[in-house]
Every structure is written in structure tokens, then in C-alpha cells.
Amino acid sequence: MMKGLFIKDFGLMKGQKPFFAAVLLMTAMFMVVYESFSFVIPYITIMIGMLTLTTISYDDFENGLGYLFTLPVSRREYVGEKYLFSIVTTLPGLILVSAGSLVVSRIRGVDFTMEECVLSVISSFLMVTVMLSIFIPLQLKFGVDKSRVAMMMVFGGGALALYAGVKICDVLGINWMAAVDAAAKMEPAVVLTGIAVICAVVLVISYLFSLRFIEKREF
């Protein structure tokens, strides 16, 4: 039934023509107006990543998930498909916007090196992975409306924790910038391997939480 779930979600995407038009318009506008392509790549990638959350919202509309699980679809298959769908839709979008940024930067004569592009791609993939790893479980647990409040709390809590961490390091005399600089000087292969491992671990943990949440929901 995994194939059927993919067909359903791609069918839902066909009804998102205004969203895709807005993404294309914003991408074109950013590439023409802005010179910071390091901002364009993650911004558009995150917007594309939101498609997975949109399909969950449609599924949950008017107890649609309750009906879906009366069909020969297991909750494990449903959760697994959402994570695979997020990868299948986000990666091509990331590749296209990155390639487009390189081409447009060359045409406009903007200084956007290959190293900056690679760094933007890596950081974008990491950000969208973390974002979806947090938001998918929240939406499956709380539903559409309550998950928005939960997401705001996560954003606020994350920002507060980051600020507190920096302040604690300053008080204890820990030079956290030295760690950032050391990471930036590491071999690219080591960095890529580390990020791949981090993304894989985060996705697995997120998947397990999502599965637990959906199995406990009553429809």
C-alpha cells in the first residue's frame, strides 16, 4: 500500500498549483533581486519541505485519517511514507534551486563560489531535516490546529535554549566560537559524513516518535 500512499500524496500535490506558482515567483524574484544566494537556497528548500506537512493536514481534515486506516493501510506504512515522501520531494527541489542559483549568479556576475553553494546545500538539507523531524511528530500527535501552537512553543523554546547556552558558555569562559571555527576547518568528507550521520539519527528518532504518536491516536 506504500505505492498507493505515494499516489495519493502526489495527487494532493496536483491541487497545490498556487503554492508552486508562488514558490517559482519567489525563487525568480529572489534570484533577480538578491545577491545573497546563501539565503535563497535554504529559504526555498524549507518552503518545499512544508509540502509534507500540507499532505498530513489534508489527510487529517474532517477525520480523514480515521477513514484512511479503515483501508488496508497500516499506521507504520503511513508514517514511513511521510518520511520517504519528504525526501523524494525536498531533494529534487534543493538540487534545482541550487543549480539555478549557480547559473543565475554567473549570469549576473555575483560572487557566489562553489564552496558557498555546497555549504548552502548542506546547511539547507540539515535545516529541513531537523524541521521536518520536529514538525511531523507534532502534527501527527496534536493534529493541525494544536500542532501550530506546539510549533510556536518549540521555536520559542529552541531560541531561548540557544540564547541560554551562549550565555552559559560566556559565564563559564567556554569559547564556543573556537568549536565552530574548528568544525569549519575540518575535511569536507568528514563534515559530510558527520552531517549524514546526524540527519539519519534525527530522522530515525523522529520516525519512532511519530509511529508511537500515531499508534496511540484514536479516530
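Start by selecting glutamate 81 and lysine 82: their side chains meet in a salt bridge, with N and O 4.0 Å apart. Keep in mind as you click around that this is a predicted model. Now check how much surface these two show. Glutamate 81 has a relative accessible area of 0%, so it counts as buried. Lysine 82 is also at 0%, and that makes it buried as well.

**Next stop: follow lysine 82 to its other partner**

Leave lysine 82 on screen and add aspartate 59. These two form a salt bridge too, and the closest N and O atoms are 3.0 Å apart. Zoom out a little and look at where each one sits: aspartate 59 is in helix α3, while lysine 82 is in helix α5, which covers residues 75-108. The two are 23 residues apart, and the pair links distant parts of the chain.

Is aspartate 59 buried or exposed? Aspartate 59 is buried, because its relative accessible area is 8% and the cut-off for buried is under 20%.

**Then hop across to lysine 8**

Select lysine 8 next. Its side chain meets that of aspartate 59 in a salt bridge, at 2.9 Å from N to O. Here again, distant parts of the chain are linked: lysine 8 belongs to helix α1 (residues 2-14), aspartate 59 to helix α3 (residues 37-60), and 51 residues separate them. Lysine 8 has a relative accessible area of 23%, so it is partly exposed.

How many salt bridges does a search of the whole structure find? The count is 5. Now show Lys8, Asp9, Asp59, Glu81 and Lys82 together as sticks: salt bridges that share partners join them into one network.

**Run your eye along α5**

You already have lysine 82 on screen, so colour the whole of its helix, α5. This helix has 34 residues. From its first C-alpha to its last it reaches 49 Å, close to the 50 Å expected at 1.5 Å a residue. Just after α5, click on glycine 109, which takes a positive phi of about 75 degrees.

**Look for the empty space**

Turn on a cavity display if your viewer has one. Searching the whole structure turns up 1 cavity of 30 Å³ or more. About 100 Å³ of space lies in the largest cavity. Which residues line the largest cavity? Select Tyr83, Ser86, Ile87, Thr90, Phe125, Val128, Thr129, Leu132 and Leu203 to see the lining. The elements that give two or more residues to this lining are α5 and α6 (114-172).

Try colouring the lining by residue type. You should get 6 nonpolar residues, 3 polar ones and no charged ones.

While you have α5 and α6 in view, one bit of helix geometry is handy. An α-helix has 3.6 residues a turn, so residues three or four places apart point the same way.

**Serine 120 and a neighbour it shares a region with**

Stay on helix α6 and pick serine 120, which lies in it. Serine 120 has a relative accessible area of 4%, so it is buried. What is serine 120 in contact with, leaving aside its neighbours within four places in sequence? Highlight Ser38, Ile41 and Phe112 to see those contacts.

Keep phenylalanine 112 selected and add serine 36. Although they are 76 residues apart along the chain, their C-alpha atoms are separated by 8.1 Å. Serine 36 lies in the loop between α2 (17-33) and α3. Its relative accessibility is 38%, so serine 36 counts as partly exposed.

**Off to helix α8**

Now jump to glutamate 215, in helix α8 (residues 188-216). Its relative accessible area is 47%, so glutamate 215 is partly exposed. Add serine 74 and draw a distance: the two are 141 residues apart in sequence, but 9.7 Å apart in space, C-alpha to C-alpha. Setting aside neighbours within four places in sequence, glutamate 215 is in contact with Arg75 and Arg76.

**Last stop: zoom all the way out**

Switch to a cartoon of the whole chain. You'll find 8 helices and 0 strands. Of the 219 residues, 35% count as buried. Among contacts in the chain with a separation of 6 or more, 79% come from residues 24 or more positions apart.

Definitions and conventions:
Residues numbered from 1 in each chain as written. Predicted model: local features only at pLDDT ≥ 70, side-chain atom pairs only at ≥ 80, totals over all residues. Heavy atoms only, no water. Helix = DSSP H or I, 4+ residues; strand = E, 2+ residues; numbered from the N terminus. Buried < 20%, exposed > 50% of the residue type's maximum accessible area, 1.4 Å probe, protein only. 1 Å grid on protein atoms, 1.4 Å probe; cavity = no way out; pocket = protein on both sides within 12 Å on 5 of 7 lines; lining within 4 Å. Points joined across faces, edges and corners; volume = space filled by probe spheres on them. Nonpolar A, V, L, I, M, F, W, Y, C, P; charged D, E, K, R; others polar. Expected span 1.5 Å × (residues − 1). Contact = heavy atoms within 4.5 Å.
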